[in-house]
Amino acid sequence: MREGIFGLRNSAGSTRVSQPRLSRGRRIAATCFGLVATSALAADIPTASAPAPHGPLAPAQLLDQYCSRCHNDERLSGNLTLSILKPDDPANGHNLEEWEKILRMLRRGEMPPHNRPQPTPEARSGFTDWLAASLDAHARAHPDPGRATLRRLNRSEYANSVRDLLALDVDVSSELPADDSGYGFDNIADVLTVSPTLLDRYLSVAHKLSQLAVGLGSGKPYVTTWMVPKDGSIKNQGIPSWDERASDDLPLDSRGGASFSYYASQDGVYEISGWLNANTNNEVDRLPENRVSLRVRLPAGPHHVGMTFRRLLELDESAQTLRNDTNIVPLPLEAPAKLPLEFIVDGGIVGETAVPSYYMSPRFSQTNWPRDVLQINVEGPFDAKGPGDTPSRRRIFICRPRNAAAEEPCARRILSTLARRAWRHPVTDADIAPLLGVYSAARDGTNFDQGIETALEALLVSPDFLFLREQNRPGSLPGSVHPLSDLELAARLSLFLWSSLPDDELLDLAAKGRLHDTAALEKQVDRMLADGRAGALTDNFAGQWLYLRNLDHQRPDVFLFPEFNTRLRAAMKQETELFFASVVRENRSVLDFIDADYTYLNEPLAQHYGIEGVKGPAFRRVSLDPATGRGGLLGEASILTVTSYATQTSVVKRGKWILENLFAAAPPPPPPNVPALKSSLNGKPLDGREQLELHRADPACASCHLKIDPLGFALEGYDAIGARRSQENGHPIDVTAVLPDGTRFDGLAGLRGILLARKEQFTEAFTQRLLTYALGRGLEAPDMPAVRAIARSAVHDDYRIRTIILGIVRSDPFTLRRTPET
Amino acid sequence: MNIPRKLLDRRTVLRGVGTAMALPLLEAMLPSARAADIAARPKRLQTLYSPNGMIMPSWRPTQPGRDFVFSPTLQPFAPFRERITIISGLASNQAVGPAGHGRSCPSFLTGVRPRPTEGSDLQCGVSVDQVVAQHHAEDTQLASMELGIDPPSLLGSCDINYSCTYTNTLSWSNATTALPVTVNPRVVFEQLFGDDDTLDESARLAQLKRRMSVLDYVREDANRLSGRLGTNDRHKVDQYLESVRDIERRVHKASQQDPGAYAAGLTRPAGIPEDFDEHVHLMIDLQVLAMQADLTRVGTFMIGRELSNRTYAQIGVPEAHHMLSHHDNDPQKMAKLALINRHHMEHFAYYVERMSHTPDGAGSLLDTTMVLIGCAFGDSNTHDNLDLPIVVAGGGLPGGQFIVVPKLTPMSNLHLTLLHRLGISQDRFGESSGVMGALAA
């Protein structure tokens with residue numbers, strides 16, 4: 001890491017380091033408006049192509065007049081002194097970090113501070129335009145793609161790669177430890193280390209997957225359990241069952257139950273069993289009397305298995321009791337009715353049974369909920385008949401040896417084909433030889449399939465699969481820059497857009513060296529974004545950029561927010577995912593993230609938002625009227641919830657989230673010993689706004705909070721789970737806010753206006769986040785010209801998201817590589 | 001130890017010489033005096049950790065010495081009075097400073113000041129549990145187990161300027177390698193007992209042999225890869241190679257033991273229980289089991305991550321943990337935080353109870369296990385690193401007392417004392433200035 005070359009700290013009594021100011025002659029020359037490259041200045045700028053300053057003030061003059069009073073060796077404000085900076089630095093690539101920071105601060109209007117003399121708009125823009133152009137010119141002449149260490153697949157990338165390699169869709173991400181994050185994402189090369197625990201899990205997962213894919217395994221039955229997601233575990237609050245269709249994999253006229261993905265390891269008989277709720281005072285009791293089961297014959301391979309009730313229009317299925325007192329439980333008036341319970345496999349009804357609409361026991365205790373399924377087990381295989389014909393076996397066994405002599409050549413073919421895909425490059429016999437050795441050793445004393453299975457295990461933990469290999473050009477000097485090979489580019493591209501391996505089409509194109517052609521690359525990007533695998537961009541990029549993954553861990557207080565249940569949580573997440581995916585799929589403007597006239601809703605979420613006319617659990621696109629108070633990310637319950645606490649909203653969390661994720665302008669950390677918010681003053685309780693006002697009275701706190709808080713105040717009209725509210729604790733909510741520069745606005749609408757007024761800044765910030773994700777490393781000063789160039793191209797194309805994606809894919813940081821120093 | 005054992009080299013074992021398995025060492029085979037000595041020496045170290053600090057007045061017992069009265073927070077340990085020592089006043093000097101959580105957590109078992117960074121240049125120090133693990137690495141299948149409850153790194157929820165890695169774990173095998181915690185009980189079960197459908201011995205050995213061949217292959221592949229890389233990248237591949245070696249050693253060990261006997265009657269857990277208390281119990285049960293089967297002798301358990309905002313409605317505390325910990329002296333919030341502290345101690349007392357009831361030789365597992373219980377800082381509101389709430393139990397330590405140490409006595413002195421008692425006689429650890437006389441053997 002380059003040491004920040006800041007000015008010398010001035011201790012008392014030491015001499016001040018002085019830097020020669022521009023000589024009087026130069027200053028006069030510089031102030032003549034329009035006299036651009038004067039001979040005096042030209043002498044300082046060696047590169048003929050460096051942009052010349054323009055605007056009413058020369059760069060050095062602007063800095064001297066408006067900045068040097070604080071940013072000097074004595075005061076060292078913001079840890080920056082200008083004494084070490086020279087106007088020709090950007091052209092020469094010196095002090096890039098400082099100059100980029102200066103550019104950022106001036107463009108955003110954060111510097112000079114509002115209570116200090118300001119340059120005129122022309123002087124400011126003249127300076128910043130010159131500075132940006134200089135930095136960009138230097139980057140063009142000296143491309144610097146940055147450097148990250150060897151990049152390991154994170155667990156999502158691993159799972160997807162195995163799925164695509166073996167045509168095996170089994171969820172293994174829960175079997176691997178979660179990856180550490182850096183810069184807001186869990187695919188950061190420097191942070192993805194390897195430990196014995198991790199490797200052990202990889203080995204274990206590789207073993208399981210290889211067994212399933214090849215179709216080995218003892219054939220002995222084992223149990224797989226699926227818990228139906230339910231509310232009602234804490235003090236029995238919450239609604240445990242709903243009179244609506246529970247999954248897209250269940251019939252249209254069904255209600256309740258669940259469906260899940262099950263992989264049958266062999267052709268055989270499987271027992272599907274389920275427990276119904278017991279109608280006791282502990283809703284989650286699993287009593288043998290409430291167990292139902294069915295045996296079915298299933299072929300090996302992937303299936304959807306579920307149980308559900310057939311919806312009966314006439315019959316009221318709930319137990320008829322009226323619960324008006326916790327001490328008295330009235331018993332049902334009538335005997336239980338018979339409810340038809342169906343077993344559903346792969347969309348078809350494979351069996352049916354009748355269950356009582358309630359279960360009577362000495363512990364009976366039940367309010368008016370329809371009967372439902374708590375847990376589904378699948379046990380098997382029984383009477384196993386072998387590995388059968390599965391998509392993964394077809395993918396692996398592209399040949400079958402007819403005799404002993406044919407085995408080795410067939411193994412070679414199989415392993416070469418798999419290795420080419422897994423290692424993301426064509427393979428030679430020499431490359432394959434060690435892997436064939438593993439096959440032979442395992443084959444010895446067993447059979448062909450076992451040999452292949454062990455070799456596959458080795459493949460799935462090999463460094464060439466786990467790590468992304470990017471090689472130095474032979475004879476290249478340390479520190480020199482070269483383009484990535486087509487194969488290396490294909491590997492990066494498929495990690496970016498699919499979080500997975502390149503498919504055969506991409507690999508073939510790259511192996512033929514045709515990927516660098518701009519038109520071909522663009523065509524591939526379009527193809528990849530249209531492919532279902534691009535869902536990874538939503539899952540992984542949006543999931544982390546928008547903190548959606550935190551939603552699963554959020555626990556709003558059940559008494560304050562009883563309406564926040566499993567169903568609503570899932571709906572919130574899905575709204576944001578569908579919205580993001582639609583922006584990518586339709587190549588919409590990224591400004592839609594700030595303000596859009598549509599979203600995706602289902603009935604629970606629409607009710608939560610107070611929007612009428614949306615019926616049923618399925619999601620559909622809905623046009624939004626401005627009166628709904630929704631539209632864009634900040635009106636979405638998911639984001640409003642993850643930026644709140646369990647019992648109340650947080651102005652600071654929301655403000656910080658906006659600054660960090662929409663503007664790449666995270667506030668600095670709080671100083672040590674920051675006191676907590678005072679919840680009352682002189683005995684009088686304070687509301688949220690008053691608490692913060694008091695907190696900010698201290699100038700040390702105010703400097704940051706004046707930037708953070710207004711953004712959060714504007715969203716106070718949405719509670720801790722994103723519902724609209726007009727009062728808190730009996731007081732009307734105040735959603736007015738003031739920015740440090742005095743601009744006033746109120747509510748989400750006002751906030752949107754503020755954000756849209758900074759749309760170039762937002763576009764750059766979005767580009768930064770996406771570029772970080774695409775590169776798998778944090779961005780540094782030399783990357784900023786690429787960010788600017790990409791954002792500019794988007795601005796000129798209606799801010800479209802694909803322009804940004806393409807810009808990233810064609811940028812220097814993405815397509816070039818620097819040979820390491822040692 | 002002079003008992004003759006057939007020491008087989010790895011290749012021989014893997015060629016399936018099944019009849020020549022090494023027998024577990026039986027105390028009955030040794031002369032009784034030596035047996036008593038060996039049986040008495042502690043050989044295990046367990047750390048039990050609670051995040052976000054404590055309400056210290058509710059934690060601290062009354063007077064020092066043997067006549068102390070249990071505080072509300074420590075009340076769950078009352079049945080084990082004679083087995084525990086409560087220590088007040090230990091300090092983590094290296095953790096003092098801003099970002100209380102980000103600094104204190106990595107410092108707790110290392111006694112080192114971590115480098116503030118969010119990137120790849122992490123720098124901490126080896127943790128005391130890993131010193132023990134590395135020392136006894138040859139003796140058990142798993143060098144150590146790192147267990148937790150909260151999944152690592154929720155986005156945006158780690159201390160500013162300190163990478164999430166610092167608060168994800170307590171254990172560091174060296175200054176730059178943090179060991180991730182496992183939170184899924186099923187995964188722990190599989191780590192201990194394997195993941196095959198079968199516990200059949202010959203099939204198990206065949207599988208181990210195949211795994212060895214896979215490890216041979218990847219090791220050679222990694223060596224080939226490493227030769228072509230720059231220094232930074234080679235470091236990453238080195239991590240990979242070290243992991244391979246660790247697993248090879250473990251597989252070798254596994255081929256000499258049959259832990260399946262202990263798993264009889266156990267069902268593999270389905271996954272992570274929804275209920276916090278159930279999850280904690282399960283993890284503690286698995287930890288005890290691992291020690292009982294001698295699959296490992298070193299464990300750490302984090303009942304929550306630093307900055308945890310978990311709510312505890314089941315004990316009448318629906319507010320978020322971390323928020324309560326910054327109570328600003330509001331008595332209601334303090335009372336609630338103290339309830340959470342006590343709830344955590346209840347779980348840790350459950351561990352002590354299980355260990356004291358699980359036999360080990362002539363005594364119990366608790367007799368030969370040093371248990372270290374505490375938080376990385378004391379007063380939660382100010383992140384006070386200079387007065388940590390610590391309890392040590394078991395391992396033959398003198399119990400039944402409440403000790404107040406001189407101010408600024410480093411926590412590392414306790415670490416060093418524990419190391420000495422475990423037979424590791426190094427001069428220093430972390431920021432130690434000596435050993436603790438009150439606990440020395």
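**Reading a sheet in chain B and a serine in chain A**

In this predicted model, 7 strands of chain B form an open sheet with mixed pairing, in the order β3-β6-β1-β11-β12-β2-β13.

Me: Why are β3 and β13 of chain B said to stand at the edges?
Reply: β3 (145–148) and β13 (401–404) of chain B each have a single partner strand, so one side of each is left without a neighbour in the sheet. As for the arrangement of neighbouring strands, they are turned by 15 degrees against each other on average, with direction ignored.

Me: How do you know that β11 and β12 of chain B pair?
Reply: Pairing requires at least two bridges, and 5 bridges join β11 (residues 369–374) to β12 (residues 388–394) in chain B, the two strands running antiparallel. Within this pair, B:Val371 stands opposite B:Ala393 of β12.

Me: Which strands does helix α13 of chain B lie across?
Reply: Helix α13 (residues 331–357) of chain B lies across β1 (44–49), β6 (298–302) and β11 of that chain, and runs at about 175 degrees to β11.

Me: Turning to chain A, why does A:Ser582 count as buried?
Reply: The cut-off for buried is under 20% relative accessible area, and A:Ser582, which lies in helix α18 (residues 566–585) of chain A, has 0% relative accessibility, so A:Ser582 counts as buried.

Me: What makes the pair A:Ser582 and A:Tyr598 a polar contact?
Reply: The cut-off is 3.5 Å for a pair of N or O atoms able to donate and accept a hydrogen, and the two side chains make such a contact at 2.7 Å. Leaving aside neighbours within four places in sequence, A:Ser582 is in contact with several residues, among them A:Asn587, A:Tyr600 and A:Arg621.

Terms used: Residues numbered from 1 in each chain as written. Chains lettered and ligands numbered in written order. Predicted model: local features only at pLDDT ≥ 70, side-chain atom pairs only at ≥ 80, totals over all residues. Heavy atoms only, no water. Helix = DSSP H or I, 4+ residues; strand = E, 2+ residues; numbered from the N terminus. Axes fitted to C-alpha atoms, helices over the stretch in contact; angles between N-to-C directions. Contact = heavy atoms within 4.5 Å. Buried < 20%, exposed > 50% of the residue type's maximum accessible area, 1.4 Å probe, protein only.
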